[in-house]
Amino acid sequence: MRILHVLDHALPLQSGYTFRTRAILKASRERGWDVAAVSGPRQKTAAQGWEEVDGLRFYRTPAVGGEVRGLASFARSIAAAIDSFRPDILHAHSPVLDGLAALPIARWRKLPLVYEIRAFWEDAAVGNGTGTEGSARYRVTRALESWAVRRADAVAVICEGLRGDLVARGVPREKIMVSPNGVDLALFGQPPARDGALAHELGLERAEVIGFIGSFYPYEGLDDLIAAMPALVAARPEAALLLVGGGPAEAALRAQAGASPVAHRIRFVGRVPHTEVERYYGLTDVLAYPRKAMRLTELVTPLKPLEAMAQGKLVAASDVGGHRELIRDGDTGTLFAPGDADAIARSLAGLFADRSGWDARRARARRFVEEERNWSSNIGRYEPVYQRLVEAAKMGPTWFKQSAPA
């Protein structure tokens, strides 16, 4: 089976989006499928044709200005990639522009189209601070998403929250499969060793380290975590906060931390190469994910807590829907009230005050990832969908159209 994935952006860029894609492509290939991908104009490359990155083939769309021109250019690149790769299936991933670019090409080339949603684009814009819920742009984007979902031959989502939202819009539940975020245990399968030299460099030799490693978006709630630090340090004088990464909220967070009475207990590292991330995981005692409560975080499951759990790290997170799909409070991790600095401080202080159950909790969390969020087994969820669509397509366009879910 040959699958061509249609992507917003891809390796060598580094993000949760590209790491999920990499895991899907690698696990698909290990399953015996031939895979390639085509990235869109937001990759911002002048490259044409294809290139190999990390052993994977990526067709490129040259950067162009404007969404309409970009959509047309993307569609041409998808068509060219089909000519070169000869796939059996197109598998487009959100945002919705990818689905809109792929849909007419799929129909023209008589290929089945799977459309996969990782987050609703309109809600992501609200979470990133670039959009407003209920605005005209928000409503148009939501309508386009619904339009694309109804016309795709099958739909995949990363969590139950997204499937429930689509079902509420009238999309048949049986048309939607859940392909949850997972972890490549070849990359995140072993607890990282503590790097004593790095701990000394950062002044964390004897610290009780709370860490966050990821992108600094407003919805991540890192301002609430910084606001919790004075109370936490009052209860646990050795507590320190280690923030690794960067993003739109970074300047505001640095200013907030600098004005904190415990500024000396907060460390910003900045972005680090993916190959260096494990060194910083190895310094942390607890990974904290204080996401704010909003549609995006209630509906969408993040990837970072799973990576931490796979490495045997203790996780503490806000009690929002996306986290509740991953973390069982008091069993595989700790949940605290979102947007509440005092609740964050109490929760973290309580964890450090009693470490007696840490090993068992970390083991249960690791087992959850191995059994339910491991990409080597997760990828099998696609197989019955792919097989059904390929068999239907072989019967001819009319039969295929009738047999695909409405």
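## A walk through the predicted model

Phe-368 sits in helix α16, which spans residues 358-372. Keep in mind from the start that this is a predicted model. With a relative accessibility of 6%, Phe-368 counts as buried, because the cut-off for that label is under 20%. Setting aside neighbours within four places in sequence, Phe-368 is in contact with Leu-306, Met-309, Glu-325, Leu-326, Arg-328 and Arg-373. Its C-alpha atom also lies 8.7 Å from that of Ala-310, although the two residues are 58 residues apart along the chain.

From there, step back to helix α15, residues 341-353, where you will find Ser-347. Ser-347 is buried too, at a relative accessible area of 15%. Beyond neighbours within four places in sequence, Ser-347 is in contact with Thr-334 and Phe-336. For a sense of distance, pick out Asp-184 as well: Ser-347 and Asp-184 are 163 residues apart in sequence, and their C-alpha atoms are 30 Å apart in space.

Now for the nonpolar interior. The largest nonpolar core has 63 residues, and Leu-243 and Leu-348 are those with the most contacts inside it. Leu-243 is in contact with Phe-212, Phe-216, Leu-222, Ile-226, Ile-266, Arg-267, Phe-268, Val-269 and Gly-270, leaving aside neighbours within four places in sequence. Apart from this core lies another, of 45 residues, which includes Tyr-59, Ala-75, Ala-106 and Val-157.

Two of the partners of Leu-243, namely Leu-222 and Ile-226, lead us to a helix pair. Two packed helices are described by the angle between their axes and the distance between the axes. Helix α9 (residues 222-235) and helix α10 (residues 250-258) pack at about 10 degrees, with axes 10 Å apart. That angle makes α9 roughly parallel to α10. On the α9 side, the residues that meet α10 are Leu-222, Asp-223, Ile-226 and Ala-227, and their partners in α10 are Leu-253, Gln-256 and Ala-257. Sorted by class, this contact has five nonpolar residues, one polar and one charged.

Helix α5 is a good next stop, with two helix neighbours to look at. Helix α3 (residues 96-108) packs with α5 (residues 136-151) at an angle of about 35 degrees, the axes being 10 Å apart, and α3 passes α5 in a left-handed crossing. Here Val-96, Leu-100, Leu-103 and Arg-107 of α3 meet Thr-141, Leu-144, Glu-145, Trp-147, Ala-148 and Arg-151 of α5. This contact of α3 with α5 has six nonpolar, one polar and three charged residues.

The other neighbour is helix α4 (residues 121-128), which packs with α5 at about 145 degrees, with the axes 8 Å apart. Trp-121, Glu-122, Asp-123 and Val-126 of α4 make this contact with Tyr-138, Thr-141, Arg-142 and Glu-145 of α5. By class, the residues of the contact of α4 with α5 divide into three nonpolar, one polar and four charged.

Helix α5 turns up once more around helix α6, residues 160-168. Which residues of α6 are buried? They are Gly-161, Leu-162, Arg-163, Asp-165 and Leu-166. These buried residues pack against α5, α12 (295-299) and the strands β6 (113-117), β7 (154-157) and β8 (176-178). Just after α6, Gly-170 takes a positive phi of about 105 degrees.

Let's move to the N-terminal part of the chain. In helix α1 (residues 16-30) you will find Ser-28, which is buried with a relative accessible area of 1%. Not counting residues up to four places away in sequence, Ser-28 touches Trp-33, Val-35 and Ile-379. Gln-43, in the loop between β2 (34-39) and β3 (50-53), is buried as well, at 8% relative accessibility. Beyond its neighbours within four places in sequence, Gln-43 is in contact with Asp-8, His-9, Ala-10, Leu-11, Pro-12, Leu-13 and Arg-60.

Two of those partners share a backbone feature: a cis peptide bond joins Leu-11 and Pro-12, with omega about 10 degrees. Pro-12 belongs to the loop between β1 (2-7) and α1. Another cis bond runs from Ser-94 to Pro-95, with omega near 15 degrees, and Pro-95 is in the loop between β5 (89-93) and α3.

Finally, look at two positive phi values outside glycine. Asp-54, in the loop between β3 and β4 (56-59), has a phi near 55 degrees and is partly exposed at 39% relative accessible area. Lys-110, in the loop between α3 and β6, has a positive phi of about 55 degrees and is exposed at 58%.

Key
Residues numbered from 1 in each chain as written. Predicted model: local features only at pLDDT ≥ 70, side-chain atom pairs only at ≥ 80, totals over all residues. Heavy atoms only, no water. Axes fitted to C-alpha atoms, helices over the stretch in contact; angles between N-to-C directions. Helix = DSSP H or I, 4+ residues; strand = E, 2+ residues; numbered from the N terminus. Left-handed = near helix turned anticlockwise from the far one by under 90°. Contact = heavy atoms within 4.5 Å. Nonpolar A, V, L, I, M, F, W, Y, C, P; charged D, E, K, R; others polar. Buried < 20%, exposed > 50% of the residue type's maximum accessible area, 1.4 Å probe, protein only. Core = buried A, V, L, I, M, F, W, Y, C linked by side-chain atoms within 4.5 Å. Parallel < 35°, antiparallel > 145°, perpendicular 65-115°, else oblique.
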